[in-house]
Each structure stands twice: as structure tokens, then as C-alpha cells.
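Here is a report on one protein chain, written for someone new to reading structures. Keep the 3D view open and look up each residue as you go.

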Amino acid sequence: MIRDQANKPGRAKAAGAAKKSAAAKAATRAGAASKAGAKLGKGVIAVAPPSFRRERALLKQGIWPVAGCDEAGRGPLAGPVVAAAVILDPNRIPKGLDDSKRLTAEQREILFDKICKTSAFAVAFASPSRIDRDNILRASLWALSRAVKALPEAPKHVFVDGRDRIDVDCNCEAVIGGDGLVMSIAAASIVAKVTRDRLMCALAQDCPGYGFEQHKGYGVPDHLAALDRLGPSVHHRSLFAPVVAARQKHQPLAVEPEPDLFAEITLVTSTEISLGT
């Protein structure tokens, strides 16, 4: 009886229709995946935006406020390093926050205004002279620490982008690639980037000819050409190699040669040592 029911025409048609439906759904999914792949391009991996997961986990433990901090301008030949610290309002997080490097200038400007309206934030600067004195890493960490300490409310936990923790009066967690993972760090990266870009546009008016408003002090070919043609400005980082080379060309007498640490040393032979002379 069971065999007879299984062989009835109605059941056979239903089974065939189910198979066709499943095949059609599979084809639709494959087509969608194909279109998505074509849209992204071969070899392109979609990157998830940063999340508020880590901040929310601390909030549930009663640890708040939580700040994220990041800097902009480690690599340029001119201008300061700008550091920012941001405490996001969990109930008013601007939509679209992401690593500043993934955003266009227009997107950064829009998000900058939203962050400033909804969040607590602070900005600090490490000047070219401090960078020359302390080196770029120490100057950057100093600026990050200053930004956190300048926040209107002292945080109880700080996320900082990179591998180095900073000197703050609370727990500090370094997150490699944090501007693409932690939402508060992403917000800080936007504030730091927009602040520094605006500053470099202002410095372009103070020192015309270098193109600061275009390249923001980075060592692009146009900047290197201007540096070679005009020599360094007061806003350039004196100890960065292209700046040193330009200064040697335009102000050779102002460049002091490195002292030879071995110039005044008298060589002593092994024989003299054995004789006690």
C-alpha cells in the first residue's frame, strides 16, 4: 500500500515540482553571488565596518566612560601629529563610522560634524620640533596621552589604535588595526584626520608653494619636488631624510656633520696591552 501511494501521479508531480523549486532557488543564489562578485571585483574581500561590541561589553560590566583614541600624521614630512580621543554616546552613535582611510574626504567631514555634536572628544598636537626631539613614535604616544587627559570626563578604559599602550590613569588596551575594528577608535581616527587636514590647508597659506593643501605634508612626488626647489620650511620635520637632503642643498653651512666617535681614539695593540704600556 505504501508503495502504491508513493507511485501515485500526484505525489510524483509534487516531488518533481519541489526539485525544480530547489534548483531555481539555488540558481538564484548563485546568480546573486555572481553579481556580488562582479560588483566587488575578483580578489576583493568585503571588509566589515567597526563595531561597538567591545565598548558595549565594558558598559554591561559598569565600566564607563570608555574612550577610543587614534592619531593622524605619522608619515608626513611636514606638519604635526594630531591625536584625538572620543567617548561615543551609546544612544547617539553616528551612522557610517569607519576607519578614516576607508572614507572619502566628504564623508569624513560629514561624520566629523556628527561626532562633535553627539560625543565627548579632545584633540592634541605634537609639533615638528617635538617629533625631531623625541622621534615620531614617542611624540605620537605623547599626543595620544594628552588627548585622553584633555577629555571633559576622565575615561575608565581606553582603546588605542596600534600595538603600543599609552600613559593614562586607567586601563588601556592597544588594538592592532583598531580603527577598523573598534567604533570609538574609528571615530577618533576621523576627528584626528579632519583636524589635521584642515590645519595643513591653513599652513599652505602660511607657506605657499609646497602644496600642503593637496598632499597634507606627505612625501608625494610634487612635495619632494617643491622641497628640492624651495628648501625646508619651518613646518618641516628636520630629521626626516628628504628634509635633511633639501637642507643640505639650500643651507649647507647650517647642517652640522655627525661627529666621528672614533676620531680621537688611540689604537692600542695587543702587545702593548700584554706589556702593560
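Pro-65 sits in the loop that links helix H3 (53-60) to strand E1. The model you're looking at is a predicted one, and this loop holds one of its unusual spots. The peptide bond running from Trp-64 to Pro-65 is cis, and its omega is near 5°. For background, most peptide bonds are trans, and most residues other than glycine have a negative phi.

That second habit of backbones gets broken here too. Asn-135 has a phi near 85°, which is positive even though the residue isn't glycine. You'll find Asn-135 in the loop between helix H5 (128-134) and helix H6 (136-149). Lys-216 does a similar thing, with a positive phi near 60° in a residue other than glycine. Its loop runs between helix H8 (212-215) and helix H9 (221-230).

Are these residues buried or exposed? For Asn-135, the relative accessible area is 35%, so it is partly exposed. Lys-216 is at 14% relative accessibility, and buried means under 20%, so Lys-216 counts as buried. The table puts these two next to a couple of residues we'll meet further on.

| Residue | Relative accessible area | Class |
|---|---|---|
| Asn-135 | 35% | partly exposed |
| Lys-216 | 14% | buried |
| Asp-113 | 37% | partly exposed |
| Ala-67 | 0% | buried |

**The whole chain**

Now zoom out. The chain has 11 helices and five strands. It is 277 residues long, and 39% of those residues count as buried. Take the contacts in the chain with a separation of 6 or more: residues 24 or more positions apart account for 63% of them.

**A residue in strand E1**

Ala-67 is a good example of such long-range company. It lies in strand E1, and its relative accessibility of 0% makes it buried. What does Ala-67 touch, once you leave out residues up to four places away in sequence? The answer is Val-86, Ile-87, Leu-151, Pro-155, His-157, Val-158, Phe-159 and Ser-184. Try tracing the C-alpha atoms as well: those of Ala-67 and Ile-185 are 7.8 Å apart, although 118 residues separate the two along the chain.

**Helix H4**

Next, have a look at helix H4, which covers residues 105-118. Its 14 residues reach 20 Å from the first C-alpha to the last, close to the 20 Å expected at 1.5 Å a residue. Which residues of H4 are buried? They are Arg-108, Leu-111, Phe-112, Ile-115 and Thr-118. Viewed down the axis of H4, these buried residues fall within an arc of 150°, so they line one face of the helix. The spacing fits a general rule: an α-helix has 3.6 residues a turn, so residues three or four places apart point the same way.

On the other side of H4, Glu-106 and Lys-117 are exposed. The cover over the buried residues of H4 includes strand E2 (81-87) and H7. Asp-113 also belongs to helix H4, and with a relative accessible area of 37% it is partly exposed. The C-alpha of Asp-113 is separated by 9.0 Å from that of Val-191, a residue 78 places away along the chain.

**Helix H10**

Helix H10 (residues 241-250) can be read in a similar way. Its buried residues are Val-243, Ala-246 and Arg-247. Down the axis of H10, they fall within an arc of 100°, so they line one face of the helix. The buried residues pack against H9, while the face of H10 turned away from the buried side carries the exposed residues Ala-241 and Lys-249.

**The largest pocket**

Finally, find the largest pocket, which holds about 250 Å³ of space. It is lined by 15 residues, and the closest to its centre are Glu-71, Ala-72, Ser-100, Lys-101 and Tyr-218. Two elements, strand E1 (66-72) and helix H7 (183-206), give two or more residues to the lining. Which element provides the largest share? That's E1, with three residues. As for the character of the lining, its residues divide into two nonpolar, four polar and nine charged.

Notes: Residues numbered from 1 in each chain as written. Predicted model: local features only at pLDDT ≥ 70, side-chain atom pairs only at ≥ 80, totals over all residues. Heavy atoms only, no water. 1 Å grid on protein atoms, 1.4 Å probe; cavity = no way out; pocket = protein on both sides within 12 Å on 5 of 7 lines; lining within 4 Å. Points joined across faces, edges and corners; volume = space filled by probe spheres on them. Helix = DSSP H or I, 4+ residues; strand = E, 2+ residues; numbered from the N terminus. Nonpolar A, V, L, I, M, F, W, Y, C, P; charged D, E, K, R; others polar. Expected span 1.5 Å × (residues − 1). Buried < 20%, exposed > 50% of the residue type's maximum accessible area, 1.4 Å probe, protein only. Arc of directions from axis to C-beta. Contact = heavy atoms within 4.5 Å.
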